[in-house]
Amino acid sequence: MVRGETRLRIDGGRPPSPEVIAAIGAVCDGVEDAGGHAPVIVELSGAPAGRWTGELTVGLVSKWERVLRRLERLPTATVAVADGDCGGPALDALLVTDIRIATPSLRLVVPVADAATWPGMALHRLAQQAVGTAAIRRAALFGTPLDAAQALALHLVDEVTDDAAGSATAAVELTAPFAGSELAIRRQLLLDARTVPFEEALGAHLAACDRTLRRASAEEAK
């Protein structure tokens, strides 16, 4: 374990709950209060089965989506380690992380509820992140699982390995120096590039360049 590293475990076999929302919120609070520190490792497995939506409300789902958005925007890197079936909350969390490591047993599963796939923001992220919407159509519409090889080919995961722990350690070592608000800004610029036209994005990119140049000048003046 890297010094200061935070670990978060999400069980996709259980629906979003106030407890798991609070747990993710507490991790986000800690990272934000510290201004970014060592990466967050997010351990993921499990997928919903049966009548899994019984305790859900629109209000609870809204809180779940908001806390995932916080996780997606943290001023530190997030590294997912996904094993076996990953659906529901596990799939949701996977799709908001920066680096995604999978074991060969991985299956990404869009859960089914009331004779249709769950229409949460995972569908939106799958369509944005996968290489070609057509490639994930059966998964998004009919809940057909995507195995590890398919997820890798679609760029939904970055690596498939039998040594997930070793790969996670390497990812933490790679990303640790980049923690801080500037990492969050670069991530947001990348996310915005999918939808924001060049002319509208230019100002934000120039502002980021200006901050970088000012910091470099300040360092040289010391």
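**Exercise 1. The crossovers around β3**

Task: In this predicted model, find the elements that join β3 to β4 in a β-α-β unit and give the handedness of that unit. Then look for a β-α-β unit that contains β2, and describe the pairing of β3 with its partner strands.

Solution.

Step 1. Start at β3 and follow the chain into helix α3, residues 89–94. With β4, these elements make a β-α-β unit, and its crossover is right-handed.

Step 2. Now take the unit that contains β2. Here β2, α2 and β3 make a β-α-β unit, which is right-handed. Strand β3 therefore takes part in a unit with α2 and in a unit with α3.

Step 3. Turn to the pairing. Strand β2, residues 40–46, runs parallel to β3, and six bridges link the two strands. To find your place in this pair, select Ile-41, whose bridge partner in β3 is Val-79.

Step 4. Strands β3 and β4 are also paired in the parallel sense, over four bridges. A good landmark here is Val-81, whose bridge partner in β4 is Ile-101.

Step 5. One more partner of β3 is β5, residues 107–109, with a parallel pairing over three bridges. In this pair, Gly-87 stands opposite Val-109 of β5.

Step 6. Finally, ask how well β3 is covered. The strand comprises residues 78–87, and eight of its ten residues are buried, with "buried" standing for a relative accessible area under 20%.

**Exercise 2. The protein as a whole**

Task: How many helices and strands does the protein have, and how does its radius of gyration stand against the globule rule?

Solution.

Step 1. Count the elements: the protein has nine helices and nine strands.

Step 2. Compare the radii. The radius of gyration is 18 Å, and the globule rule gives 17 Å for 222 residues; these values are close, so the protein is as compact as a globular protein of that length.

Step 3. Add the dimensions. The C-alpha trace spans about 65 × 40 × 35 Å along the principal axes.

Step 4. Add the burial. Of the 222 residues, 44% are buried.

**Exercise 3. Two pockets**

Task: Describe the largest pocket and the second largest pocket by volume, and say which element gives the most residues to each lining.

Solution.

Step 1. Begin with the largest pocket, which holds about 450 Å³ of space. Its lining has 20 residues, and Thr-97, Asp-98, Ile-99, Arg-187 and Leu-190 lie nearest the centre. Two or more lining residues come from each of β4 (99–102), α7 (164–175) and α8 (181–192).

Step 2. Name the main contributor: α8 gives the most to this lining, with five residues.

Step 3. Sort the lining of the largest pocket by class. You should find nine nonpolar, four polar and seven charged residues.

Step 4. Move to the second largest pocket, with about 180 Å³ of space. Its lining includes Arg-69, Glu-72, Met-121, His-124, Gln-188 and Asp-192. The elements that supply two or more of its lining residues are α2 (58–72), α4 (121–129) and α8.

Step 5. Here α4 gives the most, with four residues. By class, the lining of the second largest pocket has two nonpolar, four polar and five charged residues.

Step 6. Put the linings side by side. Helix α8 gives two or more residues to the largest pocket and likewise two or more to the second largest pocket.

**Exercise 4. Enclosed spaces**

Task: How many cavities of 30 Å³ or more does the structure have, and which residues line the largest one?

Solution.

Step 1. Recall the principle: rolling a probe the size of a water molecule over the atoms shows where empty space is left.

Step 2. Run the search over the whole structure, and two cavities of 30 Å³ or more appear.

Step 3. The largest cavity contains about 50 Å³ of space. Its lining consists of Pro-16, Trp-52, Leu-56, Val-61, Trp-64, Gly-88, Pro-89, Asp-92 and Trp-118. Helices α2 and α3 each supply at least two of the lining residues. By class, seven are nonpolar, one is polar and one is charged.

Step 4. The second largest cavity has a volume of about 40 Å³. Among its lining residues are Leu-91, Asp-92, Val-110, Trp-118 and Leu-123, and α3 and α4 each give at least two residues to this lining. Six of its lining residues are nonpolar, one is polar and one is charged.

Step 5. Compare the two lists: Asp-92 and Trp-118 line the largest cavity, and Asp-92 and Trp-118 also line the second largest cavity.

Key:
Residues numbered from 1 in each chain as written. Predicted model: local features only at pLDDT ≥ 70, side-chain atom pairs only at ≥ 80, totals over all residues. Heavy atoms only, no water. 1 Å grid on protein atoms, 1.4 Å probe; cavity = no way out; pocket = protein on both sides within 12 Å on 5 of 7 lines; lining within 4 Å. Points joined across faces, edges and corners; volume = space filled by probe spheres on them. Nonpolar A, V, L, I, M, F, W, Y, C, P; charged D, E, K, R; others polar. Buried < 20%, exposed > 50% of the residue type's maximum accessible area, 1.4 Å probe, protein only. Pairing = 2+ DSSP bridges. Rg over C-alpha atoms; globule rule 2.2 N^0.38 Å.
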